[in-house]
Amino acid sequence: MARNIDDDHNDSGFPFASRRSFLGLSAAASAAFALRIVTEPMLAHARVHNFPKDAIRIDANENPLGPCASAREAAVAIVAEGGRYSDYLTDDLIKMLAEMEGLKVEQVRVYAGSTEPLHHTVAAFASPQHCYVTADPGYEAGMFAAHAVGAKVVRVPLTKTYAHDVRAMISAAPDAGVFYVCSPNNPTGTLTGHSDIEYLVENKPKDSVVLVDEAYIHFSDAVSVMDLVRAGKDVILLRTFSKIYGMAGLRCGAVFARPDLLEKLENYGGGNFMPITALVAASASLKDAQLVPERKRINATVRSEVFAWLDRNGYSYVPSESNCFMLDTKKPAKAAIDALAKQNVFIGRIWPVWPTYARITIGTAPEMELFQAAWQKVMTGAVTASVGTVPGWGELPRRGNWDGVVRRA
Ligand SMILES: Cc1ncc(COP(=O)(O)O)c(C=O)c1O
């Protein structure tokens, strides 16, 4: 029987399909037809739709550098061939990724971003009987997918060192369908070690999968778990070109897993042709051997300058190894977010479990200097905002109605 989500959540404000679309469908079919994608920009821009001119936008974990030069050239050059499907370009990119990662092409799929395979994994492996387990604070998109398919969301606090508490995740959810591990984590930018993820894979309930999201891995020194995919484990690994490669708007992502797992995802979508601009830009980016080390260095340099400034001025934050971090405003964070917006600086959102923190994306060095000046004004009371009064700000989707429960081991 399909679960009627709207009965519980008719005023939740979530982007769910209408009640009617669930009626008369099996659980799997309702998931396949009704699953709506929730993206980082939907979450990040829930309050601000039109940014003022010259806004400092450090709210959505985008890369201010955009695509690299060769990616831009390749995308522009292929536009004239846009009248052809050119599906072979999808195969070319899959082949290139498979070779780079030591996998067979059957273990790789590309999508217009990693959002779709993330949602499809949840739809394929979570259900009313098999819950979705995630860290708190953690990236929310999978929770929306879980909710859409009627799966319970189990949120497990991060450890004291801000890693995923894999042992607590296992003991909190003997009925798990999906364990979601994001390393570096969004929003904290903190790592979960390879050995912890391996422990989770070896000790999770049979038939569940571990969904490892490496969207931000290139910014850090984290060890990838691609070896677990190579070894044929129950691991589905996501990567994206939206972050270090600066292609968030061009849209390209990849999923790596055993062919039988990938086949299950495809019941929920996929297999469509990719835009050729994204494909050639992604291929060109992969061929640029300097891109990852250079951008990793730039991000780390700006990030350490920001952290040094925060340290000098006595502000608290969670040390991050990624392109975002959590900054403590010491009171409900919405006031600081609004007061910064008044100064044309747009920072990220709040995770309810840490209500005094907001997420900050690392922008360019000049952007971060403007952020620091604006932040100082907010913290010294020179600029204030009465919460909710900044024009153009709506409300984020309310989270209080979620099925989510926090369980400790
Ligand atoms: C952790 C994480 N996973 C996946 C995504 C999805 O990115 P995209 O669909 O642009 O590849 C994001 C976007 O910010 C993210 O933060």
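Me: Helix 7, residues 141-148: how many of its eight residues are buried?
Reply: Eight of the eight, so helix 7 is largely enclosed by the rest of the structure. This is a predicted model, by the way.

Me: Which residues are the buried ones in helix 7?
Reply: Ala141, Gly142, Met143, Phe144, Ala145, Ala146, His147 and Ala148.

Me: And what follows helix 7?
Reply: Gly150, with a positive phi near 75°.

Me: Switching to the ligand. How many residues surround it, and which are the closest?
Reply: The ligand has 15 residues around it. The closest are Thr115, Asp213, Tyr216, Thr240 and Ser242.

Me: What classes make up the shell around the ligand?
Reply: Five residues are nonpolar, six are polar and four are charged.

Me: What sits 2.6 Å from a nitrogen atom of the ligand?
Reply: A polar side-chain atom of Asp213.

Me: What about the oxygen side? Which residue has a polar backbone atom 2.7 Å from a ligand oxygen?
Reply: Ser114. There is also Asn186: an N or O atom in the side chain of Asn186 is 2.8 Å from an oxygen atom of the ligand.

Me: How much of the ligand's accessible area does the protein cover?
Reply: It covers 97% of the 400 Å² that the ligand has on its own.

Me: Back to Asn186. What is the peptide bond from Asn186 to Pro187, cis or trans?
Reply: Cis, with omega near 25°. The bond from Ser183 to Pro184 is cis as well, with omega near -5°.

Me: Where does Pro184 lie?
Reply: In the loop between strand 5 (176-182) and helix 9 (194-203). Pro187 is also found in the loop between strand 5 and helix 9.

Me: Now packing. How many residues are in the largest nonpolar core?
Reply: The count is 57. Leu97, Val133 and Phe256 have the most contacts inside this core.

Me: Which helix gives the largest share of this core?
Reply: Helix 12, residues 276-287, with eight residues.

Me: What does Phe256 touch, leaving out residues up to four places away in sequence?
Reply: Its partners include Leu97, Leu103, Val108, Met226, Val229, Val235, Ile236 and Leu237. Glu101, Gln107 and Arg239 are also among the residues that Phe256 touches.

Me: What lies apart from the largest core?
Reply: Another core, of 31 residues. Phe144, Ala146, Val149 and Val255 are among them. Phe144 and Ala146 are also among the buried residues of helix 7.

Me: Why do cores like these form in soluble globular proteins?
Reply: As a general tendency, nonpolar side chains are buried together in such proteins.

Me: Backbone check. Which residue in the loop between strand 9 and helix 14 should I look at?
Reply: Lys330. The phi of Lys330 is near 70°, a positive value in a residue other than glycine.

Me: Is Lys330 buried or exposed?
Reply: Lys330 counts as exposed, because its relative accessibility is 60% and the cut-off for exposed is over 50%.

Me: What is the phi of Asn344?
Reply: About 70°, so to speak of the sign, positive, although Asn344 is not a glycine. Asn344 is found in the loop between helix 14 and strand 10 (345-347).

Me: Whole chain now. How many helices and strands?
Reply: There are 15 helices and twelve strands. Of the 409 residues, 57% count as buried.

Me: What area does the chain expose?
Reply: About 17,100 Å², and carbon and sulfur atoms supply 53% of it.

Key:
Residues numbered from 1 in each chain as written. Predicted model: local features only at pLDDT ≥ 70, side-chain atom pairs only at ≥ 80, totals over all residues. Heavy atoms only, no water. Near = heavy atom within 4 Å. Polar contact = N/O pair within 3.5 Å; in protein donor to acceptor, adjacent residues only side chain to side chain. Areas by Shrake-Rupley, 256 points an atom, 1.4 Å probe, with all protein chains shown as cover. Nonpolar A, V, L, I, M, F, W, Y, C, P; charged D, E, K, R; others polar. Core = buried A, V, L, I, M, F, W, Y, C linked by side-chain atoms within 4.5 Å. Buried < 20%, exposed > 50% of the residue type's maximum accessible area, 1.4 Å probe, protein only. Helix = DSSP H or I, 4+ residues; strand = E, 2+ residues; numbered from the N terminus. Contact = heavy atoms within 4.5 Å.
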